[in-house]
Number of protein chains: 2
Amino acid sequence: MEGGGESATVTPTGPGTSTGPGASSGPGESTGLGTTATPASPGSADLAAQAVAAHCRQVIAAVGGECVAVKLQLACFERLGAAGWRALEQTVEAAHEHGLLVIADGKRGDVPVSAAVYGQALFDGVDTPWGRAPGLGADAATVNPLIGGDSLDPVLESAWAAGAGVFALVRTSNPGAADIEDLTVEGGGTVSDRLAAMVAGLGERYAGESGLSSLGAVVGATAPEHIGRLRAAMPRAVFLIPGVGAQGGKVEDLAAAFTAGRASALVTVSRALVGAAGDSAGDPSTAARNAAAGLRASIWSVSG
Amino acid sequence: MEGGGESATVTPTGPGTSTGPGASSGPGESTGLGTTATPASPGSADLAAQAVAAHCRQVIAAVGGECVAVKLQLACFERLGAAGWRALEQTVEAAHEHGLLVIADGKRGDVPVSAAVYGQALFDGVDTPWGRAPGLGADAATVNPLIGGDSLDPVLESAWAAGAGVFALVRTSNPGAADIEDLTVEGGGTVSDRLAAMVAGLGERYAGESGLSSLGAVVGATAPEHIGRLRAAMPRAVFLIPGVGAQGGKVEDLAAAFTAGRASALVTVSRALVGAAGDSAGDPSTAARNAAAGLRASIWSVSG
């Protein structure tokens, strides 16, 4: 992960009914639509996917200057099928054009043989008899570590080869996180603590010159009482921190995440930024940009 | 889940170098290629995806008569991007034409707002301003329950509305399953046992007339010592059982899974079937079909 200490990211969440081009429209939208490849006989999914790609490009253009990365929720693209996946590829391209890192938020996790294939899908692609299929080209991806360390290794190897990073779920931001992640384990600590130990152990092998590892951790902002303990357990991990804004987490509770350095945590905000645009009486792009700038300032004030 | 007690499934694993059309070629392959839509300027991924779709159609045609369902590993399609997702859609169509149920093996799991979107993607689609985007139309999907019950609920609701099912990971077939799933939890039992309790509890609300629930469980064949205990904990769950064949699991160890009825477990086999075709000196389709028929007979012999 690069990015030199900037810590806000933005997450286009796809074609919500309130943010799709059928609802509010912002500057550049029609231009964006015009640049999207149109199939011969576009169906509903094709048209919606074009709108999603245009919307994402617009959000990226509006707030990209205030962020270091964009976290793309893969479900929002997948629900539009092949056309949605094409919109995902176009959004990755738009983010890279704007100098943003792309975090593919798919929370994949599978047995080793399939985990290796997810690594190809997310990062650097695969050789086929017809040449290289390029893969998504993400700069990082989220993974689910439930089924064990052997499910992470192949993804980490793909990421490492591509100069990319991986964030393993450790303590998520949803209420249900208490069900399994917070269970106390025989011998002490919780399931999250064991996941943290796994991340710290595997991540040692993937540490860069900065001292930070390419294996990071997802640690939600909604239960900040865990953050200090998890930071101590994973001193080399970059923390990806969702849950600020719509889910109730507060930036001022996150200082402990940054004790490994300003570049050691990324705070992701989605609905609060797109919502700022939707709620604004003025130019939605300016409103979203201002919201992102305000968030960045508040993160910098707690990141030391 | 329907299917009346047949228990073998087949899993095309996508464009492996040993099974792709560039390697062994079987009857019907060129016909399959001809029926695949060709983009204006096909790239490597497009050509590979057409081959994957043709390969899957061929495998389905060869062994579909011996199986009740096909489990599609989504990673194998995703690594070919939008073209791969199109091949996935075509493979779902081919499976349905042959009367097979489709299990989308993506092991998704996310916070509630995103889990609902995965439900739309996997099952019944979403309304857009341009009409309905149809979704994948799977008959079942695998999900990862690490982050808690609230991540399962929205997927279950989508599945229920579509007449489909969900399989939550409970005790997987990979060696790394021991890392987290087998941890002993304070108060007794393992993490897998807690996942089983969650599945049993949530699944009560989604039980059909058969007594079986639309929320099932993934329980690997490689550690059969867990199966009896997990069956007792989840009496209404259909078990999806990977790990037979290449991973070392044996059909004769699986009788305990079927104690809730012949329709209460599905044994999935992938590499052993496609491998039988590749290893055969004769017609590969016949070899795969014979391997599937043999597997089905051995499953019936243990399923009571």
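## Fold, interface and Lys107 in a predicted model

Of the 304 residues in chain A, 62% are buried. The model described here is predicted. Its chain A contains eleven helices and ten strands. Among the contacts in chain A with a separation of 6 or more, 73% join residues 24 or more positions apart.

Chain A also meets chain B: 64 residues of chain A are in contact with 63 residues of chain B. On the side of chain A that touches chain B, helix 5 (residues 112-124) of chain A supplies the largest share, namely six residues. Sorted by class, that side of chain A comprises 31 nonpolar, 21 polar and twelve charged residues.

A backbone feature at position 107 deserves separate mention. Most residues other than glycine have a negative phi. Lys107(A), although not a glycine, has a positive phi of about 50 degrees. In chain B, Lys107(B) likewise has a positive phi, near 50 degrees. The table sets out the two residues.

| Residue | Phi | Strand | C-beta neighbours |
|---|---|---|---|
| Lys107(A) | positive, about 50 degrees | strand 3 (residues 101-108) of chain A | 29 other C-beta atoms within 10 Å |
| Lys107(B) | positive, near 50 degrees | strand 3 (residues 101-108) of chain B | 29 C-beta neighbours inside 10 Å |

Are these lysines buried or exposed? Lys107(A) is buried because 29 other C-beta atoms lie within 10 Å, the cut-off for a buried residue being 20 or more. Lys107(B) also counts as buried, because it has 29 C-beta neighbours inside 10 Å.

Definitions and conventions
Residues are numbered from 1 along each chain as its sequence is written. Chains are lettered from A and ligands numbered from 1 in the order in which they are written. This is a predicted model: local features need pLDDT of at least 70, side-chain atom pairs count only at pLDDT 80 or more; totals for chains, interfaces and linings use all residues. Helices (H or I, at least four residues) and strands (E, at least two) are DSSP runs, numbered from the N terminus. A residue is buried if 20 or more other C-beta atoms lie within 10 Å of its own, exposed if 12 or fewer, and partly exposed in between; C-beta atoms are placed from the backbone. Two residues are in contact if their C-beta atoms, placed from the backbone, lie within 7 Å. Ala, Val, Leu, Ile, Met, Phe, Trp, Tyr, Cys and Pro count as nonpolar, Asp, Glu, Lys and Arg as charged, and the others, Gly among them, as polar.
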